[in-house]
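Here is a short tour for anyone who likes to look around a protein before planning work at the bench. Please keep the viewer open as you read.

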Amino acid sequence: MLDKPPGMTSNAALQQVRRLYQADKAGHTGALDPLATGVLPVCLGQATKLSGYLLDADKRYLVRAAVGTCTTTGDAEGPVTRHSDAATLTRAQLEAALPAFTGDIRQRPPMYSALKRDGKPLYELARAGIEVEREERPVRIEALQLTAFEPGAFELDVRCSKGTYIRTLVEDLAAAAGQCAHVARLRRVAAGPFTEADLVTPQALERAAESGLAALDGLLLPPLAGLAAWPTVTVDEKLALRLARGQAVEATDGPPGLVAVTGPNGALLGIAERAAGGGLAPRRWMASQVP
């Protein structure tokens with residue numbers, strides 16, 4: 001679990017990890033802006049098969065906003081576009097605006113985002129001075145807390161669904177209080193089951209690499225850690241082999257839906273879908289044979 005440093009793109013961070021581990025396959029489960037730091041889950045090898053499922057995980061961010069200026073990018077990297085009198089903003093005004101941004105809301109994605117229009121990322125169009133219409137998208141803010149306030153700045157603790165743009169949230173919240181604002185500092189402190197307690201810095205990875213792959217492997221989390229909140233079904237070697245061959249099997253009863261399947265030794269074998277009657281059908285398998 002990488003602690004992405006500021007100033008580095010998520011892809012650059014991913015490629016650094018991939019290089020150190022000499023991995024044929026690698027993927028992350030949700031990009032962070034270059035300005036942002038914190039939890040960047042990186043999947044290697046067989047674990048990349050889990051990436052699509054982990055993308056749906058909820059996130060938690062700590063953000064510091066600078067009041068009084070809006071920027072083209074919504075953060076400190078872009079040039080200023082508008083000003084407001086930050087001295088007139090009160091804590092009570094911000095707190096009064098919070099409920100409107102809690103729960104199910106809609107956001108218009110920023111132009112400086114990786115969303116694509118006609119095959120081109122919006123940020124490429126924005127850099128060329130082109131702005132296009134963006135439809136609002138539904139997101140969910142599970143919790144939104146004002147944790148600090150001072151003249152010219154405020155800080156938020158945000159728990160939200162995938163697809164939430166914190167830059168947009170800061171801009172919209174400030175606008176509701178009659179102000180301009182942009183993100184000055186952003187840190188992701190949780191992504192699904194992963195928290196800051198799981199983090200490893202790029203520097204720590206580089207140091208471990210000097211001792212060889214065995215030292216690097218000691219910094220990895222097992223694939224099952226990514227599905228910690230999922231229901232789990234343990235199968236014996238016979239059923240595991242059938243599932244690996246793409247065959248549905250009978251298993252213990254339980255609520256229908258996706259489940260993590262583990263083998264006799266507790267290692268994750270793959271993801272299956274449990275039917276109402278208890279049968280399991282493989283959906284994404286990580287192992288070609290039973291360990």
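What follows goes from the whole chain to its helices, and then to some single residues.

**The whole protein**

Please keep in mind that this is a predicted model. The protein has eight helices and 19 strands. Along the principal axes, its C-alpha atoms fill a box of roughly 70 × 50 × 40 Å. Of the 291 residues in the protein, 44% are buried. Taking the contacts between residues at least 6 apart in sequence, 65% join residues that are at least 24 apart.

**Helices H1 and H6**

Let us begin with helix H6, which covers residues 202-209. Its residues Pro202, Leu205 and Ala208 are buried. Because the buried residues of H6 fall within an arc of 120° when seen down the helix axis, they line one face of the helix. There is a general reason to look for such spacing: an α-helix has 3.6 residues a turn, so residues three or four places apart point the same way. The cover over the buried residues of H6 includes strand S1 (2-4), H1 and helix H7 (213-217).

How do the axes of H1 and H6 cross? They come within 10 Å of each other, at an angle of roughly 15°. H1 is therefore roughly parallel to H6. The crossing in which H1 passes H6 is left-handed. On the H1 side, the contact is made by Gln16, Val17, Arg19, Leu20 and Tyr21, and on the H6 side by Pro202, Leu205, Glu206 and Ala209. Sorted by class, this contact of H1 with H6 has six nonpolar residues, one polar residue and two charged ones. Pro202 and Leu205 appear in this contact and are also buried residues of H6.

**Helices H5 and H8**

Helix H5 spans residues 166-176, and its buried residues are Ile166, Arg167, Thr168, Leu169, Val170, Leu173 and Ala174. Among the elements that cover them are strand S5 (59-67), helix H3 (91-97), S8, strand S11 (137-150), strand S12 (153-160) and strand S13 (181-191). After H5 comes glycine 178, with a positive phi near 80°.

In helix H8 (residues 237-244), the buried residues are Leu239, Ala240 and Leu243. Seen down the axis of H8, they fall within an arc of 100°, so they line one face of the helix. They pack against strand S16 (249-250), strand S17 (257-262), strand S18 (268-274) and strand S19 (279-285).

**Two residues with a positive phi**

Most residues other than glycine have a negative phi. Two residues to look at in this light are glutamine 22, whose phi is positive at about 50°, and aspartate 118, whose phi is positive and near 55°. Neither glutamine 22 nor aspartate 118 is a glycine. Where in the chain is glutamine 22? It lies in the loop that links helix H1 (10-21) and strand S2 (26-28). Aspartate 118 lies in the loop between strand S9 (116-117) and strand S10 (120-121). Is glutamine 22 buried or exposed? Its relative accessibility is 61%, so glutamine 22 counts as exposed. Aspartate 118 counts as exposed too, because its relative accessibility is 77%.

**Three residues and their surroundings**

The table sets separation in sequence beside C-alpha to C-alpha distance for three pairs.

| Pair | Apart in sequence | Apart in space (C-alpha to C-alpha) |
|---|---|---|
| Arginine 106 and glutamate 133 | 27 residues | 15 Å |
| Arginine 91 and glutamate 155 | 64 residues | 11 Å |
| Alanine 251 and proline 151 | 100 residues | 60 Å |

Arginine 106 sits in strand S8 (residues 103-107). Not counting residues up to four places away in sequence, it touches Glu136, Arg137 and Pro138.

Arginine 91 belongs to helix H3. With a relative accessible area of 33%, arginine 91 is partly exposed. Which residues does it contact, leaving aside neighbours within four places in sequence? They are Leu146, Thr147, Ala148 and Phe149.

Alanine 251 is found in the loop between S16 and S17. Its relative accessibility is 22%, and buried means under 20%, so alanine 251 counts as partly exposed. Beyond its neighbours within four places in sequence, alanine 251 is in contact with Val233, Gly278, Gly279 and Leu280.

Note on methods. Residues are numbered from 1 along each chain as its sequence is written. This is a predicted model: local features need pLDDT of at least 70, side-chain atom pairs count only at pLDDT 80 or more; totals for chains, interfaces and linings use all residues. Side-chain values use heavy atoms; hydrogens and water are left out. Helices (H or I, at least four residues) and strands (E, at least two) are DSSP runs, numbered from the N terminus. Buried means under 20% relative accessible area, exposed over 50%, partly exposed in between (1.4 Å probe, protein chains only). The arc is that of the directions from the helix axis to the C-beta atoms. Contact means heavy atoms within 4.5 Å. Axes are lines fitted to C-alpha atoms, for helices over the stretch in contact, and angles run from 0 to 180 degrees between N-to-C directions. Angles under 35 degrees count as roughly parallel, over 145 as roughly antiparallel, 65 to 115 as roughly perpendicular and the rest as oblique. A crossing is left-handed if the near helix is turned anticlockwise from the far one by less than a right angle, and right-handed if clockwise. Ala, Val, Leu, Ile, Met, Phe, Trp, Tyr, Cys and Pro count as nonpolar, Asp, Glu, Lys and Arg as charged, and the others, Gly among them, as polar.
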